[in-house]
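Thank you all for making time this morning. I would like to walk you slowly through one structure, so please have a look at it first, and then I will go through its parts.

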Amino acid sequence: MPVDETPLEHERRSKVERLRAEGREPYPWVFPDRVLAEEVLRRCEGLAPGTEAAGPPVRVAGRLKALRLHGRTAFADLEDVSGSIQLLLRSDTMGDGEFDAGMRYLDPGDLVGAEGVPAVSKRGEPSVHARSVTMLAKAIAPPPEKFHGLQDVEERLRRRYLDLLASPESRALFRTRAHLLREVRQYLDASDFLEVETATLLPVASGAAATPFETHSRYLDADLQLRIALELPLKRLLVGGLERVYELGKSFRNEDMDTTHSPEFTELEAYWAYADYHDMRRLTEGLFGRLADRVRELLPDSPPAQEGAKEFTPPFATVDFVEELERRSGISGLLAKSPEELRGLARAAGSTVPDRSTPGVFLDKLFEHYVEPHLQHLTFVVDHPAATTPLAKRHRSKPDRVERFEMFYRGFELGNAYTELNDPDEQEARFREQLASQGEDRYAYDADFVRALRHGMPPATGIGIGVDRIVMGLTGTPSIKEVILFPLVRPR
RNA sequence: GGGCCCGUAGCUCAGCCCGGUAGAGCAGGCGGCUCUUAACCGCAAGAUCAGGGGUUCGAAUCCCCUCGGGCCCGCCA
């Protein structure tokens with residue numbers, strides 16, 4: 001008997017023993033031939049209150065949410081993946097022995113099966129008028145409070161199973177997330193993109209500037225890092241001739257957490273040979289529209305989700321990075337400023353990034369300060385200064401710019417796309433420049449990627465999207481932890 | 001790293017300002033009830049007030065530290 005057992009758990013555990021003593025297995029193996037609650041609801045349609053459906057009995061199974069006893073009658077609410085159905089329990093139909101046994105052993109939170117006839121109660125509630133009830137798994141620990149559910153945020157995150165079993169809204173959110181991922185795959189598959197899986201364990205994590213998680217291979221006796229982006233392996237596949245590829249998977253960044261940053265997050269990256277960022281924008285807008293349609297179907301009763309769906313429906317606002325920054329900040333001639341002048345402006349805007357940072361970093365800080373907070377509606381920001389973006393191709397007509405777009409919503413970034421840089425010598429030069437500005441040797445650059453480019457990467461466009469943030473935006477969820485089933489929490 | 005807020009029974013919450021030895025609802029126990037749906041009625045039970053230290057005759061309440069969490073700011077091309 002566990003030493004940390006509460007009196008409630010002791011009581012419930014004693015029911016397990018008494019069930020066994022009566023020859024009733026509290027944890028049986030299977031409950032065959034069950035139908036879902038929604039199927040019973042269908043069979044109850046059109047039945048008058050106080051009547052039963054003709055035909056054979058049905059079997060239902062799920063979690064007992066509530067039990068209302070009335071002496072020789074009782075009502076129970078059974079919840080399964082499809083919804084909720086009431087059980088109507090009467091001693092005259094079950095027999096006194098079975099009825100009394102049920103009342104002795106059943107508690108809210110138990111997993112139970114029932115067999116009986118679809119029926120509508122006198123008060124009009126669709127039900128299963130049960131002939132028998134079977135314990136399928138006795139719950140020793142009590143469920144969260146039946147009306148308010150689990151409110152404690154920490155408990156919801158640390159013990160997601162309790163959140164899910166208590167909250168149909170939480171289940172609906174994660175069901176929606178799964179369907180959105182499915183929609184992404186269907187959309188890209190239909191556009192002849194190939195889903196691939198690249199490595200998560202790498203000698204050097206690259207493709208972004210974040211601090212990686214570090215680990216070690218015993219067999220190789222080699223230090224390894226967890227990937228921080230998917231970009232460079234996927235571009236290697238373009239060199240290899242796969243032409244249209246995407247990956248949907250986790251990246252890891254060893255940095256602070258907040259409402260839009262998780263150390264472990266899901267990314268979508270897609271690369272498309274012989275196409276440019278205009279093509280990618282059309283593909284992205286099509287994808288967003290499809291995702292919005294799915295959310296409208298999946299969460300019709302959620303006003304924040306319906307608002308999110310509206311925002312993700314084309315057409316979208318577009319602003320030019322430089323024009324918008326100059327307009328919002330009142331600063332003109334930004335691209336002609338010296339690095340020192342840009343640093344001064346960034347300092348004036350409150351940034352504390354290191355002095356040795358590249359001019360691109362200062363421009364990003366200025367944009368974050370003056371523009372991002374205003375990007376509350378879904379907006380495409382285009383044609384960034386070349387200095388901000390080491391992996392993008394220079395703009396074909398705007399000097400000192402690259403062909404790039406970023407999507408923002410509610411002040412945070414959703415994704416980022418370029419016409420990809422495929423000139424190996426220019427790529428190598430930009431990597432070296434970046435390294436010099438960071439002044440830290442742990443960001444060794446991916447030399448093999450440059451070697452791959454020397455073999456020729458087709459002209460191409462690529463995109464990276466923060467999937468968790470897309471789910472947040474589409475469902476109107478304010479915190480990234482709420483859209484991740486098991487977010488990282490401090491061990492205790 | 002800085003600021004603000006939170007932690008009381010298995011769960012949801014009062015009590016804290018203004019110090020006097022912890023209160024309710026749900027869940028659980030016992031009893032009643034054959035149409036309820038946050039069922040209802042009666043009885044009894046359930047709490048190292050996150051942890052540690054201090055002030056005080058007396059601390060859930062005031063002060064300090066620690067732990068955990070939330071929000072905001074900073075940092076994170």
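Before I use the words, let me say that buried means under 20% relative accessible area, exposed means over 50%, and partly exposed is what falls in between, with a 1.4 Å probe and protein chains only. What you see is a predicted model, in which local features need pLDDT of at least 70 and side-chain atom pairs count only at pLDDT 80 or more, while totals for chains, interfaces and linings use all residues. Residues are numbered from 1 along each chain as its sequence is written, chains are lettered from A and ligands numbered from 1 in the order in which they are written, and side-chain values use heavy atoms, with hydrogens and water left out.

Let me begin with salt bridges, by which I mean a side-chain nitrogen of Lys or Arg within 4 Å of a carboxyl oxygen of Asp or Glu. Side chains of opposite charge can pair when their charged atoms come close. Across the whole structure, the search finds 52 of these salt bridges.

One of them joins Glu264 and Lys250, with 2.8 Å from N to O. Glu264 sits in strand S11 (residues 264–273) and Lys250 in strand S10 (residues 244–252), 14 residues apart; helices (H or I, at least four residues) and strands (E, at least two) are DSSP runs, numbered from the N terminus. Are these two side chains buried, exposed or in between? Glu264 is partly exposed because its relative accessible area is 31%, and Lys250 is partly exposed as well, at 34%.

Compare that with Asp320 and Arg401, whose side chains meet in a salt bridge at 3.1 Å, N to O. Asp320 lies in strand S12 (residues 317–320) and Arg401 in the loop between strand S13 (379–382) and strand S14 (404–409), so this pair ties together parts that are 81 residues apart in sequence. Both Asp320 and Arg401 are buried.

A third pair is Asp110 with Arg12, where the closest N and O atoms are 3.9 Å apart. Here Asp110 is in the loop between helix H4 (96–105) and strand S4 (111–120), whereas Arg12 is in helix H1 (residues 7–21), 98 residues away. Asp110 and Arg12 are both buried, and they belong to a network of salt bridges that also links Lys15, Asp107 and Lys138.

Turning to the strands, five of them close into a barrel in the order S1-S2-S3-S5-S4, with mixed pairing, where two strands pair if DSSP finds at least two bridges between them. Within this barrel, strand S2 (residues 73–80) and strand S3 (residues 83–90) pair in the antiparallel sense over eight bridges, and the bridge partner of Ala76 is Leu87 in S3.

Finally, the RNA: 50 residues lie around RNA strand B, and Arg123, Lys146, Glu154, Glu255 and Gln434 come nearest, where near means that a heavy atom of the residue lies within 4 Å. Which part of RNA strand B accounts for 59% of its atoms within 4 Å of the protein? That share belongs to sugar and phosphate.

Polar contacts here are pairs of N or O atoms within 3.5 Å; within protein, one must be able to donate a hydrogen and the other to accept it, and residues adjacent in sequence count only if both atoms are side-chain atoms. A phosphate oxygen of RNA strand B is 2.9 Å from an N or O atom in the side chain of Lys365, and a backbone N or O atom of Lys122 lies 2.9 Å from a base oxygen of that strand.
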